[in-house]
Amino acid sequence: LFNTLPSLNNTIADLELLASIMQKKGPPKPDPRPPQIIPDPLTIGSVNPAIHTYFGQFVDHDITFETRSILGQSQTNIDTLLNNRTSWFDLDCVYGLNNEFLTLENNTKFEIAFNANGDEDMPRNPTTGQALIADIRNNENIITQNIQLAFFKFHNKCFDELKANNANANDAELITQVKSIARGHYQYLLINEFLSKLLLPSEFNRFFGNVPFDITTS
């Protein structure tokens with residue numbers, strides 16, 4: 001975003017020091033806080049649940065991804081970067097660009113695997129353990145993994161129900177319908193459960209008004 005600024009170039013010693021501090025190694029540091037703190041009830045803490053951090057990470061992975069920029073001495077010209085995600089909130093980090101991650105039941109559903117503990121998991125490369133998903137960044141931590149897995153399961157459930165109620169519909173039509181339903185629910189969560197908590201009410205209403213977002217459209 002700021003290609004005119006110098007890049008941050010850390011030495012190995014800098015990174016080792018940071019890791020040591022994060023692991024709380026070494027002698028304890030003096031406590032700079034005063035003996036008694038009287039918190040301001042208007043500013044203390046956060047009223048947003050922790051899941052917003054990880055849902056925001058998932059949303060970020062749905063709209064931006066590039067593989068060319070490198071941290072270090074050589075700067076990347078951001079004007080030459082290409083976004084490998086669509087810029088819409090359309091769950092392409094789940095479906096890919098051409099539904100290529102629908103691999104079960106005639107390429108209509110997501111595979112749900114099981115890990116060594118018997119818990120539901122995303123399908124993985126048996127050698128590397130890497131998740132076989134549209135955006136490998138959703139394998140970064142267990143919470144984003146489970147958000148991804150939740151959309152897998154939601155798609156599969158919707159597909160089963162639509163197919164049971166529309167015996168004459170072909171699979172391509174059903175997938176289109178399911179993706180519309182999944183996107184609608186995702187966008188509803190994004191607007192009503194995420195942005196509504198992050199934005200000031202006046203700003204939220206300026207963008208979205210007072211009419212609830214309809215999950216039947218996307």
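A residue counts as partly exposed when its relative accessible area falls between the buried range, under 20%, and the exposed range, over 50%. Keep that scale in mind as we walk through this predicted model, following its salt bridges. A salt bridge here is a side-chain nitrogen of Lys or Arg within 4 Å of a carboxyl oxygen of Asp or Glu, and by this rule the count comes to 11.

Let's start at Lys109, whose side chain takes part in two of the contacts described here. One partner is Glu105, with a nitrogen-to-oxygen distance of 3.2 Å. Another partner is Asp160, where the N to O distance is 3.0 Å. Lys109 sits in the loop between α3 (92-95) and β1 (113-114), while Asp160 belongs to helix α4 (residues 142-165), so this pair ties together parts that are 51 residues apart in sequence. The two ends of the bridge also fall in separate accessibility classes: Lys109 is buried because its relative accessible area is 10%, under the 20% limit, whereas Asp160, at 37%, is partly exposed.

Now move along to helix α6 (residues 201-208), which holds both Arg206 and Glu203. These residues are three apart, about one turn of the helix, and they form a salt bridge whose closest N and O atoms are 2.8 Å apart. How accessible is each partner, Arg206 and Glu203? Arg206 has 57% relative accessibility and so counts as exposed, being over 50%. Glu203, at 29%, counts as partly exposed.

Finally, look for a group of four residues: Arg85, Asp92, Asp135 and Arg137 are linked in a network of salt bridges.

Technical notes: Residues numbered from 1 in each chain as written. Predicted model: local features only at pLDDT ≥ 70, side-chain atom pairs only at ≥ 80, totals over all residues. Heavy atoms only, no water. Buried < 20%, exposed > 50% of the residue type's maximum accessible area, 1.4 Å probe, protein only. Helix = DSSP H or I, 4+ residues; strand = E, 2+ residues; numbered from the N terminus.
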